[in-house]
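Biologist: Please give me a close look at the surroundings of the ligand. Then set them against the other spaces and the loops of the chain.

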Amino acid sequence: MDSSIEKVVSLCKRRGFIFQSSEIYGGFSAIYDYGPLGIELKNQISQLWWREMTHAHENIVGLDSGILMHPKIWEASGHVNAFNDPLIDCKHCKARFRSDEFEKDSKSTIWKDIQCPRCGTVGSLTEPRQFNLMFKTNIGPVAEKGTEAYLRPETAQGIYVNYLLVQGAMRLKVPFGIAQIGKAFRNEIIARNFIFRTREFEQLEMQYFVKPGSDDKIFQEWKEKRMAFYVDFLNIDKSSLRFYKHGEDDLAHYAKEACDIEYKFPFGWSEIEGVHNRTNFDLSQHEKFSGKKMSYFDQQKNERYLPYIIETSAGLNRMLLTVLTNAYWDDKENNRIVLKLSPKIAPIKAAICPLTKKDGLPEKARKIMDILKSKFKVIFDQQGSIGKRYYRQDEAGTPFGITIDHQTLEDNTVTIRFRDTQRQERMLTENLVDILNEST
Ligand code: ATP
């Protein structure tokens, strides 16, 4: 693992963002648990996305479909037959690779002639074998043929199969979108880079139903909008983001055009979100497999057609890793680690710190806490010196420290400390709500 990712991993554990799953049993590969700050941060990011998609766009509505669905859905979508990764094993050191990744590095496809990148043995690699990425389970008490179901490998299909019900119920007219946040599962051959590639993850997907012919323009618009989300809402450095356009050789079978938004992680440029023009592939497949009409009827024009779909599909966990990596700041000058998280998404907005544990300061601090906690996620911290408390909160990404001292008892003023600059200012308690509100 890259050393700068290791620093993020260690901070995540130390401050309660992310833990390896089942740690007391030696860990469970490629699954992670989100601790108190991790879940707050994850919620903030997904709520921001949800508001931006569904509240800011009158023609985009939400959906929450099941993780388990009719198995025919995955036949129609192509996942049963085509959702495979070619897998290569090294017979010598037992390392396992995905051949598509391997080809990029080795520029060779003659597996017997090339060296294992891990142990260096020549001729020890097996031919690529196909490996389906879907997790299978059984419905009912007996695991027999005909009872198989799959944990969904993407949330998109739940939207496609419901789209006419949603459209009818909400009286939507093309173009319109359906957004969904939910878990997806992929039995990844090689899961690595912390929460970047895991076997259980969350997707933030929005499927936009458009009239064929308008798809190219709308695709471009969504590409730009999605890039702007990372810069304007999540405060990611522009220079660490780029588009990667899929060429003929890596375009998915269902796509007319596809573009990834990539972030420059310490382990290299990698995809955080895909924007795809999926044409009417999925709807026509569901029409075929279900025998039900999937076309949309335009009442004004009296015409019926299968809409094209522009998809924006992001991984919440990859977004989180992007945010954490981007925010990590080793402030050597002041000998502290800071997470420069945007106050919009910081898991804790402010720490309320009575300077000492006596003279009525904790009681006064509690009163301030009671006012703030109805509006913001704030915490009460009276453990250790004030300097240590501030540094703890710097690592947690808390943008404000609010200190209650003896003067507070006299004139109702507090000291507010700003995380990045460490500037401190004295202000009236009544102004705190406004200051915190302005930043969120
Ligand atoms: P990759 O090429 O990295 O495997 P993909 O092209 O298969 O990704 P999509 O099927 O387009 O990914 O899924 C949309 C988004 O879901 C991705 O941009 C990514 O953010 C997220 N995602 C996909 N697979 C995983 C995974 N195993 N772990 C975490 N997030 C994932």
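Modeller: The answer starts with the ligand, moves to the empty spaces, and ends with the loops.

Some ground rules come first. This is a predicted model, with local features needing pLDDT of at least 70 and side-chain atom pairs pLDDT 80 or more, while totals for chains, interfaces and linings use all residues. Numbering runs from 1 along each chain as its sequence is written, and side-chain values use heavy atoms, without hydrogens or water.

Now the frame. The chain holds 13 helices and 23 strands. Both are DSSP runs numbered from the N terminus: H or I over at least four residues for helices, E over at least two for strands. The C-alpha trace spans about 75 × 65 × 50 Å along its principal axes. Of the 440 residues, 51% are buried. Buried means under 20% relative accessible area, exposed over 50%, and partly exposed in between, with a 1.4 Å probe and protein chains only.

To the ligand. Its shell has 16 residues, and the closest are E188, R197, T198, E271 and G315. A shell residue has a heavy atom within 4 Å of the ligand. Three strands each supply at least two shell residues: β10 (200–210), β13 (268–277) and β16 (308–315). β13 gives the largest share, with 5 residues. By class, the shell has 4 nonpolar, 6 polar and 6 charged residues. Here Ala, Val, Leu, Ile, Met, Phe, Trp, Tyr, Cys and Pro are nonpolar, Asp, Glu, Lys and Arg are charged, and the others, Gly among them, are polar.

Next, the polar contacts, meaning pairs of N or O atoms within 3.5 Å. R197 puts a side-chain N or O atom 2.7 Å from an oxygen atom of the ligand. R318 also uses its side chain: a polar atom there lies 3.1 Å from a ligand oxygen. F196 works through its backbone instead, where an N or O atom is 3.4 Å from a ligand nitrogen. Taken alone, the ligand exposes 590 Å², and the protein buries 84% of that. Such areas come from the Shrake-Rupley method with a 1.4 Å probe.

F194 sits in the loop between β9 and β10. Its phi is positive, about 60 degrees, although F194 is not a glycine. F194 has 4% relative accessibility, so it counts as buried.

Now the empty spaces. They are found on a 1 Å grid over the protein atoms alone: in a cavity a 1.4 Å probe fits but cannot get out, a pocket is open with protein on both sides within 12 Å along at least five of seven lines, and lining residues have an atom within 4 Å of a point. A volume is the space filled by probe spheres set on the points, which are joined across faces, edges and corners.

The second largest pocket holds about 280 Å³ of space. Its lining includes L164, Q167, R171, Y296, F297 and D298. α6 (156–170) and β14 (296–298) are the elements giving two or more residues to this lining. β14 has the largest share, 3 residues. The lining divides into 4 nonpolar, 4 polar and 3 charged residues.

After α6, the chain enters the loop towards β9 (176–185), where P175 lies. A cis peptide bond joins V174 to P175, with omega about 0 degrees.

The whole structure has 1 cavity of 30 Å³ or more. The largest cavity has a volume of about 50 Å³. Among its lining residues are A351, Y390, D394, F400, R417 and R419. β19 (350–354), α11 (386–396) and β21 (400–404) each give two or more residues to this lining. α11 gives the most, with 3 residues. The split is 5 nonpolar, 3 polar and 3 charged.

Three more loop residues close the tour. F376 is placed between α10 (361–373) and β20 (378–380). Its relative accessibility is 9%, so F376 is buried. The C-alpha atoms of F376 and P347 are 9.9 Å apart, with their positions 29 residues apart along the chain. N431 lies between β23 (424–428) and α13 (432–438). N431 is partly exposed because its relative accessibility is 35%. S22 lies between β1 (18–20) and β2 (32–34). S22 is not a glycine, yet its phi is positive, at about 55 degrees. With a relative accessible area of 32%, S22 is partly exposed.

How values were computed. A polar contact is a pair of N or O atoms within 3.5 Å; within protein, one must be able to donate a hydrogen and the other to accept it, and residues adjacent in sequence count only if both atoms are side-chain atoms.
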